[in-house]
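Below are some notes for a colleague who has the coordinates open and wants a careful reading of selected regions. The points are numbered so that each can be checked separately.

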Amino acid sequence: MVNNLVFDFGAVLVDWNPHHLYDAYFADRQRADWFLSEICPYEWNAQCDAGRPITDITAERVALFPAWEKEIRMYFDRWCDMMGDGIAGMEELVREYKQYGYGIWGITNWSGETFPLVRHKYPVFDLLDGYIVSGVEKILKPDPRIYRLLLDRYGLKAEECVFIDDNPDNVAGAEAVGFRGIRFHDAEQLRKELERVLGDSGASPE
């Protein structure tokens with residue numbers, strides 16, 4: 001029986017997107033797209049999600065692209081400007097399932113330096129019973145160790161957990177460890193998927 005819901009954070013609970021900063025800075029979506037694919041791509045940011053210090057990856061990027069130093073340093077100097085609102089409908093959904101008695105947990109690929117900057121700005125994070133931040137643990141999804149870490153730290157069983165993430169690779173990683181998985185698109189879709197999955201497990205909310 002499923003007793004626990006495990007959520008990704010970015011693009012599932014809250015809206016993090018570098019375009020919130022760079023679209024306005026460049027006043028040109030195409031130029032921002034180019035910068036975020038060629039100069040400061042997600043793979044670069046993922047290094048700090050894996051636990052590397054922001055100062056180190058920034059210095060390396062500036063050395064590689066010195067003509068873009070100002071814009072590169074903006075990435076983390078103005079990192080909070082990349083944050084949007086909570087994902088529509090998700091705080092309400094999480095609150096509802098917590099009231100039903102489900103354990104509410106999180107596993108996020110997020111820098112251990114930047115997550116504390118916004119932890120208390122989003123009420124949905126206060127609903128979590130516990131969570132794993134990749135940058136703190138130095139393990140990225142979909143590495144199976146990060147899912148097992150959640151289970152071990154909080155005394156959970158994989159077969160009693162549903163993992164929700166917008167990235168299909170991360171969902172597959174959780175399923176490989178024994179979680180049930182749902183790929184997230186929006187709150188309405190998730191609600192329907194949860195009704196199906198929890199109904200199949202005999203754990204539908206009353």
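1. In this predicted model, helix H3, which spans residues 42–49, has Trp-44, Asn-45, Ala-46, Cys-48 and Asp-49 as buried residues. The elements that cover these buried residues include strand E2 (14–16), helix H4 (54–64), helix H5 (69–77) and helix H8 (134–137). Just after H3, Gly-51 adopts a positive phi of about 110°.

2. The cysteines deserve a separate remark, since the structure holds zero disulfides. Cys-40 takes part in none, and the nearest cysteine sulfur, that of Cys-48, is 11 Å away. Seen from the other side, the sulfur of Cys-48 has its closest cysteine sulfur in Cys-40, and because the separation is 11 Å, this is too far for a bond, given that a disulfide requires the two sulfur atoms to be within 2.5 Å. Cys-40 counts as buried because its relative accessibility is 1%, and Cys-48, at 2% relative accessibility, counts as buried as well.

3. Turning to the sheet, five strands form an open arrangement in the order E5-E4-E1-E6-E7, with parallel pairing. The edge positions are taken by strand E5 (130–133) and strand E7 (180–183), each of which pairs on one side only. On average, and with direction ignored, neighbouring strands of this sheet are turned by 20° against each other.

4. Which helices pack on this sheet? Helix H10 (residues 168–177) does so by touching strand E6 (161–165) and E7, and its direction makes about 170° with that of E7. Helix H11 (residues 187–200) also packs on the sheet, where it touches strand E1 (4–7), E6 and E7, its direction making about 160° with that of E7.

5. The strand register can be followed pair by pair. Strand E4 (residues 103–108) is joined to E5 by four bridges, the two running parallel, and the bridge partner of Thr-108 in E5 is Val-133. E1 and E6 likewise pair in the parallel sense over four bridges, with Phe-163 in E6 as the bridge partner of Val-6. E6 is also joined to E7 by four bridges, again in parallel, and here Val-162 stands opposite Arg-180 in E7.

6. E6 itself is mostly covered, five of its five residues being buried. Cys-161, Phe-163 and Asp-165 point one way from the strand, while Val-162 and Ile-164 point the other way, and all of these are buried.

7. Helix H10 repays a closer look, its buried residues being Asn-170, Val-171, Gly-173, Ala-174 and Val-177. These residues lie on the same side of H10 because they cover an arc of only 160° around the axis. In general, an α-helix has 3.6 residues a turn, so residues three or four places apart point the same way. The buried residues of H10 pack against helix H9 (144–154), E6 and E7, whereas the face turned away from the buried side carries the exposed residues Asp-169 and Ala-176.

8. Both ends of H10 have a feature to inspect. Asn-167 caps the N-terminal end, with a side-chain oxygen lying 2.8 Å from the backbone nitrogen of Asp-169, and the helix is followed by Gly-178, whose phi is positive, near 120°.

9. Is Asp-8, in the loop between E1 and E2, buried or exposed? Asp-8 counts as buried because its relative accessibility is 6%, and the cut-off for that label is under 20%. The side chains of Asp-8 and Lys-141 are joined by a polar contact of 2.8 Å. When neighbours within four places in sequence are left aside, Asp-8 is in contact with Leu-13, Ile-107, Thr-108, Lys-141, Ile-164, Asp-165 and Asp-166.

10. A last loop position is Asn-17, located between E2 and helix H1 (19–26). Asn-17 counts as partly exposed because its relative accessibility is 27%. The side chain of Asn-17 reaches the backbone nitrogen of His-19 at 2.9 Å. Along the chain, Asn-17 and Trp-79 are 62 residues apart, and their C-alpha atoms are separated by 9.7 Å.

Definitions and conventions:
Residues are numbered from 1 along each chain as its sequence is written. This is a predicted model: local features need pLDDT of at least 70, side-chain atom pairs count only at pLDDT 80 or more; totals for chains, interfaces and linings use all residues. Side-chain values use heavy atoms; hydrogens and water are left out. Two strands pair if DSSP finds at least two bridges between them. Axes are lines fitted to C-alpha atoms, for helices over the stretch in contact, and angles run from 0 to 180 degrees between N-to-C directions. Contact means heavy atoms within 4.5 Å. Buried means under 20% relative accessible area, exposed over 50%, partly exposed in between (1.4 Å probe, protein chains only). The arc is that of the directions from the helix axis to the C-beta atoms. A polar contact is a pair of N or O atoms within 3.5 Å; within protein, one must be able to donate a hydrogen and the other to accept it, and residues adjacent in sequence count only if both atoms are side-chain atoms.
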